[in-house]
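Me: I should like to understand how the descriptive terms applied to a protein model are justified. Please set each value against its definition.

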Amino acid sequence: MSDLETFRAETRAWLEANCPPEMREPVRDDEDVYWGGRRATFKNAAQKAWFEACVAKGYTVPAWPKEYGGAGLSPAEAKVLREEMSRINARPPLSSFGIWMLGPALLQFGTEGQKARFLNEIARGEIRWCQGYSEPGSGSDLVSLQTFGEDEGDHWVVNGQKIWTSYADQADWIFCLVRTDKNDKYKGITFMLYDMASEGVTTKPILLISGNSPFCETFFDNVKVPKSYGEDCPAYVGEVNRGWDVAKYLLGHEREMISGAGGGERSAAIGAMMKRHAAKLGDDLDPVLRAELAMFDVDALAYTAMGEKFLDEIKVGKAHPAQPNMMKYVGTELNKRRHELMMAVGGSRSLEWESEETGGGKPARGWLRTKANSIEGGTSEVMLNVISKRILDLPGA
Amino acid sequence: MPLYHNEDQAMLADTAAGFMAEEGNIAKQLRHWRDRNCKDGFGHGFWKQMAEMGFTGMLVDEADGGLGMGHVEAGIVLEEIGRNLTPSPFLTSSVLAATALKAGSDDLKGRYLPGLIAGDAVFAVAIDETAKHRPSRIATRAEKSGNGFRLTGSKSFVIHGGSADMIVVAARTSGSDEDADGITLFAVPKDAAGMSHDSVRLVDSSMATHTKFDGVELDGDAVIGEIDGGRVVLEAMLLAGRVGAAAEGVGVARGAMDMTVDYLKQRKQFGKLIGEFQALQHRASHLYSEVEIARAVTIKAQQLLDAGSEQADLMASVAKAKVARAARLAVQEGVQLHGGIGMTDEYDIGLYMKRDRALAEFLGDAFFHANRVAQLSGY
């Protein structure tokens with residue numbers, strides 16, 4: 001048996017022993033997702049047991065080095081773990097912006113002291129992070145951001161406002177883009193890390209068309225941010241005034257994530273499921289709707305192959321560095337189309353906003369939520385701009 | 001297996017790209033033979049050159065004198081054929097017929113494979129009987145006659161039928177037109193008495209025939225595979241052909257796209273390069289995305305087919321449908337973004353539009369394959 005096959009067998013046995021049956025059910029609502037953090041509570045004993053088993057094994061962040069709370073898996077091993085988890089429909093033990101966003105930035109740009117502290121906190125689910133990027137006047141044109149940190153020697157005093165801060169009201173710490181030099185647009189931004197419990201930080205959830213409030217407005221009113229949290233642990237990632245480099249790197253990651261390139265729910269075909277759904281409602285698919293579902297499935301299955309190719313190429317440095325923009329563009333547009341079709345199959349039932357049968361209007365709210373996919377983390381139009389410039393090398397793009 | 005070419009495959013891709021650009025380019029092949037109104041629609045000398053490159057027998061087993069390569073490798077050659085619009089009997093001979101002959105007797109292999117490998121022989125396949133690809137319905141009949149069969153019926157869209165040394169014919173030996181069983185495949189030699197061709201030139205300058213079988217007497221050893229059990233050989237041949245046609249389609253799409261993106265960087269209007277206009281940039285970037293995805297799923301289908309996976313059938317139809325749509329977008333955007341000159345015969349972009357039309361129709365169009373994806377998925 002090859003090493004990888006041995007690893008697969010071991011992983012399968014470990015999952016069998018440690019992943020409770022309740023954690024192999026599809027995620028039904030927000031409570032089914034464990035985000036960690038100071039104020040986190042477990043929904044049930046199974047969620048707790050699964051989380052703790054993964055922390056002990058390093059499987060909340062399997063590809064991170066062991067000294068930072070990971071399992072030190074090679075890319076090939078991490079892929080095997082993903083495949084084995086998806087085979088039994090295992091839920092992620094921990095979801096967090098620390099894992100998806102800050103962690104990769106720290107692994108790339110962080111000091112040893114930062115990695116030792118923050119990565120371990122993330123891996124163990126102790127601190128829940130949020131991301132402070134967009135501002136009311138800086139959406140697609142993010143680099144124009146105005147939130148300002150006044151240099152006061154050993155600390156900054158931060159004033160300004162962020163918007164679309166996901167779960168800011170539930171987060172413990174923020175990684176935040178703050179202008180520290182008003183004279184240089186690109187080289188005047190610092191990527192700061194600070195506690196949301198600091199005096200002067202307030203958050204206000206934003207009610208969306210879905211009726212949910214996953215995003216907040218976040219206000220900073222004379223927030224004192226120390227420049228250092230101890231030896232080799234500055235309060236910023238990379239260098240002062242060079243936070244844009246970190247932000248750009250992270251946007252790549254975010255786009256990859258929103259694109260659903262890793263496969264799973266978003267990229268799968270839906271036609272067969274929709275036929276069963278229609279049957280449950282006592283109906284059959286209209287021939288033209290069936291045809292649209294078939295065309296959707298062609299696109300979705302092809303996109304899944306693209307996702308696989310993209311991840312394989314990233315591992316060996318073959319992917320074009322701007323390719324995440326393409327994945328994000330197509331993945332989000334596909335997801336919107338998917339929900340349009342699901343709404344059509346559901347008919348009037350899917351219009352219900354509060355009924356028990358729809359789990360409190362899940363189809364409609366989910367459908368509306370997808371409309372943000374092609375806006376957040378860079379709009380589809382911005383993605384197309386980036387493809388034009390960096391991949392196709394079109395003039396003036 | 002990672003979804004990109006390994007070192008050997010990347011090397012083959014370089015070789016194939018260089019060879020096709022040099023010897024198989026539009027001026028040297030497609031326009032050359034078209035403008036001479038060639039009855040074959042391709043050059044036999046070029047087919048011989050392809051043999052010298054080792055391409056013609058790449059899918060043939062090593063034991064039978066071929067290279068024993070897979071569909072990823074054949075796809076690499078086909079993508080370059082697509083990109084250069086190179087007319088050749090590669091897809092019908094080296095992919096479709098070669099796949100069918102894998103199920104043939106040693107005698108059949110010995111009779112046909114050396115000619116293929118040497119680039120001396122050309123093969124065609126006769127499947128369709130109506131204007132659309134409907135392989136589930138086969139009405140052409142082969143009746144027992146002495147030690148052999150008598151073949152009666154007609155086939156359409158037989159690409160290279162008029163220049164083929166042998167045609168693989170799917171015929172019914174029992175049952176009724178719609179039955180899955182009762183199909184037998186025959187290797188019909190070109191001089192078979194009672195076979196007649198009505199040759200037609202197609203929109204892309206390729207040559208096809210309406211072929212009639214009027215009591216064609218065939219020996220029992222013309223049978224490929226089992227009598228009445230030809231469906232499995234037919235399916236294997238179609239699967240290989242669809243994945244191959246998808247690869248060629250990727251080449252057509254990429255060729256048209258590259259030509260169009262280049263044009264956006266050269267053509268000036270309103271004092272600017274037209275590639276500076278955001279409306280056009282977004283169209284080009286959308287096209288790029290679709291073509292990349294079509295290519296990814298085609299490689300996926302090739303790998304699944306080479307691995308003998310059960311999923312290959314579904315993924316082949318996904319690939320054929322996706323490529324058909326992406327290539328269609330590429331040639332339509334290509335002509336539109338070229339403007340008036342895109343309508344002229346002098347510019348090559350229109351040739352891509354014609355080739356896409358014919359290639360997409362071959363072995364089932366996007367509608368046929370999307371429908372098949374739905375059926376295979378259970379709806």
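Me: What makes both faces of strand β1 (residues 123–126) of chain B count as covered?

Reply: This is a predicted model. A residue is called buried if 20 or more other C-beta atoms lie within 10 Å of its own. Phe123(B) and Val125(B) on one side of β1(B) are buried, and Ala124(B) and Ala126(B) on the other side are buried as well. Both faces of the strand are therefore covered, by the definition of burial.

Me: How do you know that β1(B) pairs with strand β4 (residues 166–172) of chain B?

Reply: Two strands pair if at least two bridges are found between them. Four bridges join β1(B) to β4(B), so the condition is met. The two strands run parallel. Within β4(B), Val169(B) is the bridge partner of Ala126(B).

Me: Why is chain B called as compact as a globular protein of its length?

Reply: The secondary structure of chain B comprises 11 helices and 10 strands. Its radius of gyration is 21 Å, and the globule rule gives 21 Å for 379 residues; the two values are close, so the chain is as compact as a globular protein of that length. Of the 379 residues, 55% count as buried. Among contacts in chain B with a separation of 6 or more, 74% are between residues 24 or more positions apart.

Me: What does the record say about residues 6–120 of chain B?

Reply: An unreviewed UniProt entry annotates them as "domain: Acyl-CoA dehydrogenase/oxidase N-terminal". In the model, this span is 63% helix and 0% strand, and its end C-alpha atoms lie 31 Å apart.

Me: Which residues of chain B form its side of the contact with chain A, and how are they classed?

Reply: The contact takes 33 residues from chain B and 34 residues from chain A. On the side of chain B, α8(B) provides the largest share, 14 residues. The residues of this side divide into 19 nonpolar, nine polar and five charged.

Me: What makes a set of residues a nonpolar core, and where does Ala253(B) belong?

Reply: The members must be buried residues of certain nonpolar kinds, Ala and Val among them, joined through C-beta atoms within 7 Å. Ala253(B) belongs to the largest such core, of 160 residues, and is one of those that touch the most other members. The greatest contribution to this core, 16 residues, comes from α7(B). Leaving aside residues up to four places away in sequence, Ala253(B) touches Val291(B), Ala294(B), Val323(B), Ala326(B), Ala327(B) and Ala330(B).

Technical notes. Residues are numbered from 1 along each chain as its sequence is written. Chains are lettered from A and ligands numbered from 1 in the order in which they are written. This is a predicted model: local features need pLDDT of at least 70, side-chain atom pairs count only at pLDDT 80 or more; totals for chains, interfaces and linings use all residues. A residue is buried if 20 or more other C-beta atoms lie within 10 Å of its own, exposed if 12 or fewer, and partly exposed in between; C-beta atoms are placed from the backbone. UniProt positions are given in the numbering used here, feature names are shortened, and annotations may be inferred rather than shown by experiment. The radius of gyration is taken over C-alpha atoms; the globule rule is 2.2 Å times the number of residues to the power 0.38. Two residues are in contact if their C-beta atoms, placed from the backbone, lie within 7 Å. Ala, Val, Leu, Ile, Met, Phe, Trp, Tyr, Cys and Pro count as nonpolar, Asp, Glu, Lys and Arg as charged, and the others, Gly among them, as polar.
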